[in-house]
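Student: Hey, got a minute? I have this structure open and would like to walk through it with you.

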Amino acid sequence: MTLVNCFDSIRLELITMKKKALDALNRLLSGNVEYLNAKVAQGDVSPDLRQRLCDEGQKPYAAIVACSDSRVVPEDIFMRSLGELFVIRVAGNVIGETQAASVTYAVQHLGVPLVMVLGHTHCGAISAVLEGCDDEALNPLSRPIANAIGSVKDPDEASALNAVNALKELRCISDIAAMEEQEELLLLPALYHTDSGKVEVLEEDHA
Ligand SMILES: [Zn+2]
């Protein structure tokens with residue numbers, strides 16, 4: 001292989017990776033459009049698919065960090081099937097050690113090209129912080145949220161800031177940051193509107 005061909009193949013690989021991430025995002029957002037007026041979830045949970053995923057292994061194309069809120073179910077919100085999404089849920093979609101390790105696993109071992117942090121409106125964890133909740137048992141959740149939102153008082157703005165901050169936490173993982181730098185990985189913050197069902201991809205200068 002000549003040097004030129006070598007560079008061409010590297011460039012092609014980067015373009016392919018970026019295309020994979022954009023295809024993944026497109027599948028999520030088009031699924032969300034379907035969800036807006038759907039009455040039932042439409043993901044495939046059939047025995048045939050279950051068996052195939054066991055035989056062949058999982059190959060999800062997106063990792064999603066979302067809140068544990070019972071109204072925020074990524075597989076339904078994006079109308080996806082078994083085996084498509086690698087979902088990490090924790091109250092307030094905060095990034096602690098285990099969430100960071102889970103994302104790293106999805107990216108490095110499962111080859112996921114897209115990581116989305118999905119905050120949401122009407123979030124109880126955000127409201128608790130805004131209302132000055134001082135329950136020490138909740139500190140591992142409330143401390144990072146409080147740091148993320150600072151003096152912001154608007155709940156929706158606070159949810160958006162918290163999602164953007166969680167993404168920044170993921171960038172503190174050097175392997176993740178390097179893959180994003182090489183355009184091998186797309187990291188996106190988003191906000192789920194709990195009332196309308198719409199997912200809004202956020203601008204990062206929200207912070
Ligand atoms: Zn929440």
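Student: Let's start with Cys54. Is it buried or exposed?

Tutor: Cys54 counts as exposed, because it has 10 C-beta neighbours inside 10 Å, and the cut-off for exposed is 12 or fewer. Keep in mind that this is a predicted model.

Student: Ok, and which element is Cys54 in?

Tutor: Cys54 sits in helix α2, which covers residues 47-56.

Student: How far is Cys54 from Gly83?

Tutor: Their C-alpha atoms are separated by 9.7 Å, with the two residues 29 apart along the chain.

Student: Zooming out now. How many helices and strands does the protein chain have?

Tutor: There are 8 helices and 5 strands. Reading from the N terminus, the order is α-α-β-α-β-α-β-α-α-α-α-β-β.

Student: What about the overall dimensions?

Tutor: The C-alpha trace spans about 60 × 40 × 30 Å along its principal axes. The radius of gyration is 18 Å, which agrees with the value near 17 Å for a compact globule of 207 residues.

Student: And what share of the residues is buried?

Tutor: Buried residues make up 33% of the 207. As for contacts with a separation of 6 or more, 74% of them link residues 24 or more positions apart.

Student: Now the strands. In what order do they line up in the sheet?

Tutor: The order is β2-β1-β3-β4-β5, in an open sheet with mixed pairing. β2 and β5 are at the edges with a single partner strand each, so one side of each has no neighbour in the sheet. On average, neighbouring strands are turned by 25 degrees against each other, direction ignored.

Student: Remind me, what holds strands together in general?

Tutor: Strands of a sheet pair through backbone hydrogen bonds, and the pairing is either parallel or antiparallel.

Student: So how does β1 pair with β2?

Tutor: β1, residues 62-66, pairs with β2 in the parallel sense over 5 bridges. If you want a spot to click on, Ala66 has Arg89 in β2 as its bridge partner. Helix α4 packs on the sheet too, touching β1, β2 and β3, and its direction makes about 165 degrees with that of β1.

Student: And what does β3 pair with?

Tutor: β3 pairs with β1 in the parallel sense over 5 bridges, and Val65 has Val117 in β3 as its bridge partner. β3 also pairs with β4, residues 186-192, in the parallel sense over 7 bridges. There, Leu118 stands opposite Ala190 in β4.

Student: How many residues of β3 are buried?

Tutor: 7 of the 7, so β3 is largely enclosed by the rest of the structure. Leu114, Met116, Leu118 and His120 are on one side, while Val115, Val117 and Gly119 are on the other.

Student: Does that tie in with a nonpolar core? Which residues touch the most other members there?

Tutor: The largest nonpolar core has 53 residues, and Ala62, Ala63, Val115 and Ala163 touch the most other members. Helix α7, residues 155-171, supplies the largest share of this core with 8 residues.

Student: Pick Ala63. What is it in contact with?

Tutor: Leaving aside neighbours within four places in sequence, Ala63 contacts Phe86, Ile88, Val103, Ala106, Val107, Val112 and Val115.

Student: Switching to helix α6. Which of its residues are buried?

Tutor: In α6, residues 139-149, they are Leu141, Ser142, Pro144, Ile145, Ala148 and Ile149. These buried residues pack against α5 and α7. Just after α6, Gly150 takes a positive phi of about 55 degrees.

Student: And what's the usual sign of phi for residues other than glycine?

Tutor: Most residues other than glycine have a negative phi.

Student: Then which ones should I look at here?

Tutor: Met79 is one of them: its phi is positive, about 55 degrees, although it is not a glycine. Met79 lies in the loop between α3 and β2. Asn93 also has a positive phi, near 35 degrees, and is found in the loop between β2 and α4.

Student: Are those two buried or exposed?

Tutor: Met79 is buried, because it has 20 other C-beta atoms within 10 Å and the cut-off is 20 or more. Asn93 counts as buried as well, with 33 C-beta neighbours inside 10 Å.

Conventions
Residues are numbered from 1 along each chain as its sequence is written. This is a predicted model: local features need pLDDT of at least 70, side-chain atom pairs count only at pLDDT 80 or more; totals for chains, interfaces and linings use all residues. Helices (H or I, at least four residues) and strands (E, at least two) are DSSP runs, numbered from the N terminus. The radius of gyration is taken over C-alpha atoms; the globule rule is 2.2 Å times the number of residues to the power 0.38. Two residues are in contact if their C-beta atoms, placed from the backbone, lie within 7 Å. A nonpolar core is a set of buried Ala, Val, Leu, Ile, Met, Phe, Trp, Tyr and Cys residues joined through C-beta atoms within 7 Å. Two strands pair if DSSP finds at least two bridges between them. Axes are lines fitted to C-alpha atoms, for helices over the stretch in contact, and angles run from 0 to 180 degrees between N-to-C directions.
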